[in-house]
Each structure stands twice: as structure tokens, then as C-alpha cells.
Amino acid sequence: MENENSFLLMVSGQIETAEFPEIDDIYCKHCFVYGSDWVVTAGIEEGISQISKKSEDETGQFTFNFPLDISFKSTNPLGWPQLVVSVYGIDFFGNDVVRGYGSVHVPISAGRHKRRIAVFVPESSSMLQRFTSWLIGRRPEFIDPRVVAQGEGRDVTKVRSQGHVTVLFNVITKNIEKLGYNTG
């Protein structure tokens, strides 16, 4: 039996496209980050897309159309789910390197929503570290990409903007108004 003090959040959609002006082949990883009162009731929490080539038209976009489908249950909106996207590609030396991280909250209102996520890459803190990491093919990256959705420690991280990822969300909520929350 469903808890009367809980509400449901159902999310479907897709990671549609990406824009990275100076890169040719990329792929995406994604995961959802959410608070301790949230439980995944159905669907997939994380995934990895196919490799996409840049289109040859004037837009120069990468197309993924990678599906998202997950449902949550919670008693509290604190820790509302966020989608974290990590983009990877092959560098000049053939190494698999991070091309960008970004995150966005799942929209709170029901309906169809399109979001454009700005992505960034961590930077080395000195020129010597930057040269050494380029030389050995190990660029700075986060051990756990979920850190992108959190505030702790982000203020001391040096980053550079890299591109954008477009995501389409289809959101359905159930029983959220019964608990006194206005999403509209």
C-alpha cells in the first residue's frame, strides 16, 4: 500500500544533443543525484550512450537521443533529483578523456521541459601540472562525477567552460499537491 505521506515523481525523456565546437567524437554518461528521503521505485539511475560524431551541417551538433526513464518516491522535496551528465571523448593521443561535466535539477512542474546544460572541465592549478597532464595523457577529472551536483568543495575547483548538452524531460508528479506543495 502506498504511503499517504509520500509523493511520486516520474521522469522520462532523453539526452538529445550536445555542442562542443572543437571536438569530433564524444559519448555521454549520466546519473541521478538525490537526497536521503528519496527512493528510486523504477527505472535506470545511470547509463552510457553511444559514441556520436559531429554533424557536418552548420550546427555542428552531436546527436544522442539517449533515453531517460526513472521514477522516485519521497516524503520531502529536500534533495530534489538532479541529472548529472559527463561527456567523454578521445584526445589527440588516443586517450579517453573527460570533455565536460554538467548538472541540472529535474523540473518541479509536470509537463515537457527542455534544458540546456552548460558543461565544464576541471583545470590544472599550474602551468607545470597542465603541461605534465597533457604530456602523460591524464587530464584532471573528478573521481565521482556526482560532486558536480553538490556545493561542497566546488569553490576551490578551477574549471573552464567547454560546451552544452540539451536534455528533454517529461515530468509527471502524483500526490505532491496533497502534501501542500505548489509546483505550478
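**Stop 1: Asn65**

Select Asn65, which sits in strand S6. Strand S6 covers residues 62-74. This is a predicted model. Check the backbone at Asn65: phi is near 50°, a positive value in a residue other than glycine. Most residues other than glycine have a negative phi. Is Asn65 buried or exposed, or something in between? Its relative accessibility is 41%, so Asn65 counts as partly exposed.

**Stop 2: the whole chain**

Zoom out and colour by secondary structure. There are 10 strands and 1 helix. Walk from the N terminus and the order reads β-β-β-β-β-β-β-β-β-α-β. The helix therefore comes just before the final strand in that order. The protein has 184 residues, and 42% of them count as buried.

Now think about contacts along the chain. Take those with a separation of 6 or more: 75% of them join residues 24 or more positions apart. Switch on the surface. The protein exposes about 10400 Å², and carbon and sulfur atoms supply 52% of that area.

**Stop 3: the largest nonpolar core**

Hide the surface and select Phe20, Val165 and Phe169. Within the largest nonpolar core, which holds 30 residues, these three touch the most other members. Which elements each supply at least two residues of this core? They are S1, S2, S6, S7, S9 and S10. Strand S6 gives the most, with 6 residues. In soluble globular proteins, nonpolar side chains tend to be buried together.

Stay on Phe20 and show what surrounds it. Beyond four places in sequence, Phe20 touches Ile26, Lys54, Phe62, Val87, Arg99, Val119, Gln162, Gly163, His164 and Val165. There is also a second, separate core of 10 residues. Select Tyr27, Tyr101, Phe120 and Ala149 to see some of its members.

**Stop 4: Leu9**

Go to Leu9 in strand S1. Leu9 counts as buried because its relative accessibility is 0%. Show its contacts beyond four places in sequence. They are Trp38, Ile70, Ser71, Phe72, Trp80, Pro81, Val106, Val171, Ile172 and Thr173. Pick Val106 from that set. Leu9 and Val106 are 97 residues apart along the chain, and their C-alpha atoms are separated by 9.5 Å.

**Stop 5: Gln82**

Val106 also leads to Gln82, since the contacts of Gln82 include Val106. Gln82 lies in strand S7. At 11% relative accessibility, Gln82 is buried. Beyond four places in sequence, the other contacts of Gln82 are Cys31, Phe32, Val33, Ser103, Val104, His105 and Ala149. Draw a distance from Gln82 to His105. The two C-alpha atoms are separated by 4.1 Å, with these positions 23 residues apart in numbering.

**Stop 6: Phe32**

Step across from Gln82 to Phe32, which is in strand S2. Phe32 has a relative accessibility of 2%, so it counts as buried. Leaving out residues up to four places away in sequence, Phe32 contacts Ile44, Glu45, Ile70, Phe72, Gln82, Leu83, Val106 and Arg146. Now add Gly47. Its C-alpha atom is 9.8 Å from that of Phe32, and the two are 15 residues apart along the chain.

**Stop 7: the second largest pocket**

Gly47 and Arg146 both line the second largest pocket. Select the rest of the lining too: Lys29, His30, Cys31, Glu46, Ile48, Val84, Ser86, Tyr88 and Pro145. Strands S2 (25-33), S4 (46-48) and S7 (82-90) each give two or more residues to this lining. The pocket has a volume of about 160 Å³. What is the make-up of the lining by class? Colour by residue class and find 5 nonpolar, 3 polar and 3 charged residues.

**Stop 8: Ser6 and Asn175**

Finish at Ser6, in the segment before strand S1. Ser6 counts as buried because its relative accessibility is 2%. Its contacts, not counting residues up to four places away in sequence, are Lys73, Ser74, Thr75, Asn175 and Leu179.

Click on Asn175, which lies in the segment after S10. Asn175 has a positive phi of about 70° although it is not a glycine. Is Asn175 buried or exposed? Its relative accessible area is 18%, under the 20% cut-off, so Asn175 is buried.

How values were computed
Residues numbered from 1 in each chain as written. Predicted model: local features only at pLDDT ≥ 70, side-chain atom pairs only at ≥ 80, totals over all residues. Heavy atoms only, no water. 1 Å grid on protein atoms, 1.4 Å probe; cavity = no way out; pocket = protein on both sides within 12 Å on 5 of 7 lines; lining within 4 Å. Points joined across faces, edges and corners; volume = space filled by probe spheres on them. Helix = DSSP H or I, 4+ residues; strand = E, 2+ residues; numbered from the N terminus. Nonpolar A, V, L, I, M, F, W, Y, C, P; charged D, E, K, R; others polar. Buried < 20%, exposed > 50% of the residue type's maximum accessible area, 1.4 Å probe, protein only. Contact = heavy atoms within 4.5 Å. Areas by Shrake-Rupley, 256 points an atom, 1.4 Å probe, with all protein chains shown as cover. Core = buried A, V, L, I, M, F, W, Y, C linked by side-chain atoms within 4.5 Å.
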